[in-house]
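Please read the sequence and the structure together. The paragraphs below go through helices, a core and some backbone details.

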Amino acid sequence: MSILQIRTFPDPVLRSRAKQVSEINDDIKNLTSDMIETLIEAKGLGLAANQVGILKRIIVLNFPEKKPMALINPEITKKIGRRTVEEGCLSFPNHTGVVERSLKIKAKALDEHGGRLYFDSEDLFAQVLEHEIDHLNGILFIDHLKKHEKLHARKFEYPDQTHQHDLKIQVEVVKDEELNENHSKYNEKLYSEIRVEKMLEALEKGNLLVDLSSSTNVKEDEKLVGNL
Ligand SMILES: [Zn+2]
């Protein structure tokens, strides 16, 4: 098992469509193990293969108190309702945005042994499935930003307690300057300095960042979740 480097926005691989997995062989199993190890290192909830530079339809999930799992060729079969939530993405480290997501999702996938899985999910699980399956289609969470919304410079911290029945994640507000100046805030095992620099440049260029004065206001009605 090894930790893989995470691709950051605007890497073109994040805008590419991943291809169906036709055979679940040892290469695929090794890749899912590496992706799970990477996700655990990143303290994220979900990771898509595009995010490690591989265009195969594979996502991995790691929810507190659950065993990490890999979904192969996942597909959404139904979306129900809309809600507004704040979310982050491992390809936009230390940034979050307010997006619209479905209330409930029905999905299907294969497990690592080729077994069929069916999901009837809601809330955070539905949000993560939607976010990760979007990745496989080259869609990013910034495509779902609410009108006039921009990204906030924030850092998610998982609480230390092991029993987290409430999945809300604690948020530490980090000033833009601190994030820019101190690259050690990005895990070096996961993010190369050049990728982080390119991302910050692209976010700035694309006018995707809120100004510092408003980035410290965390609205109470926004539900914050972890990195997807
Ligand atoms: Zn993501």
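**Helix faces, core and backbone**

On one side of helix H4, the residues Ile194, Glu201, Glu204 and Lys205 are exposed. The model is a predicted one. H4 runs over residues 193-205 and has 13 residues, and its first and last C-alpha atoms are 18 Å apart, close to the 18 Å expected at 1.5 Å a residue. Its buried residues are Met199, Leu200 and Leu203. Viewed down the helix axis, these buried residues fall within an arc of 95 degrees, so they line one face of H4. The general rule behind such a pattern is that an α-helix has 3.6 residues a turn, so residues three or four places apart point the same way.

Glu197 is also part of H4. This residue counts as partly exposed because it has 13 C-beta neighbours inside 10 Å, where 12 or fewer would make a residue exposed and 20 or more would make it buried. Glu197 also brings in a distant part of the sequence: Thr8 is 189 residues away along the chain, yet the two C-alpha atoms are 9.7 Å apart in space. After H4 comes Asn207, with a positive phi near 55 degrees.

Helix H1 can be read in the manner just used. It covers residues 26-42, and its 17 residues should span 24 Å at 1.5 Å a residue; the end C-alpha atoms are 24 Å apart, which agrees. Buried in H1 are Thr32, Met35, Thr38, Leu39 and Ala42. They cover an arc of only 125 degrees around the axis, and therefore sit on the same side of H1. Asp26 and Asn30, on the other side of H1, are exposed.

Met35 leads from H1 to the largest nonpolar core. This core has 44 residues, and those that touch the most other members are Met35, Leu47, Ile59, Val60, Val128 and Leu129. At least two core residues come from each of H1, strand E1 (46-48), strand E2 (58-61), strand E3 (69-88), strand E4 (95-110), helix H2 (123-136) and H4. Which element gives the largest share of this core? H2 does, with seven residues. The contacts of Val128 give a local view: leaving aside residues up to four places away in sequence, Val128 touches Leu45, Gly46, Leu61 and Leu228.

Some backbone details remain. Most residues other than glycine have a negative phi, and most peptide bonds are trans. Lys43 is not a glycine, but has a positive phi of about 55 degrees. Lys43 comes just after H1, in the loop between H1 and E1. It is partly exposed, because 15 other C-beta atoms lie within 10 Å, a count between the limits of 12 and 20. Asp123, also a residue other than glycine, has a positive phi near 50 degrees. Asp123 lies in helix H2, and with 16 other C-beta atoms within 10 Å it is likewise partly exposed.

The remaining detail concerns a peptide bond. Phe9 and Pro10 are joined by a cis peptide bond, with omega about 5 degrees. Pro10 is placed in the segment before H1.

Key: Residues are numbered from 1 along each chain as its sequence is written. This is a predicted model: local features need pLDDT of at least 70, side-chain atom pairs count only at pLDDT 80 or more; totals for chains, interfaces and linings use all residues. Helices (H or I, at least four residues) and strands (E, at least two) are DSSP runs, numbered from the N terminus. The expected span of a helix is 1.5 Å times one less than its number of residues. The arc is that of the directions from the helix axis to the C-beta atoms. A nonpolar core is a set of buried Ala, Val, Leu, Ile, Met, Phe, Trp, Tyr and Cys residues joined through C-beta atoms within 7 Å. Two residues are in contact if their C-beta atoms, placed from the backbone, lie within 7 Å.
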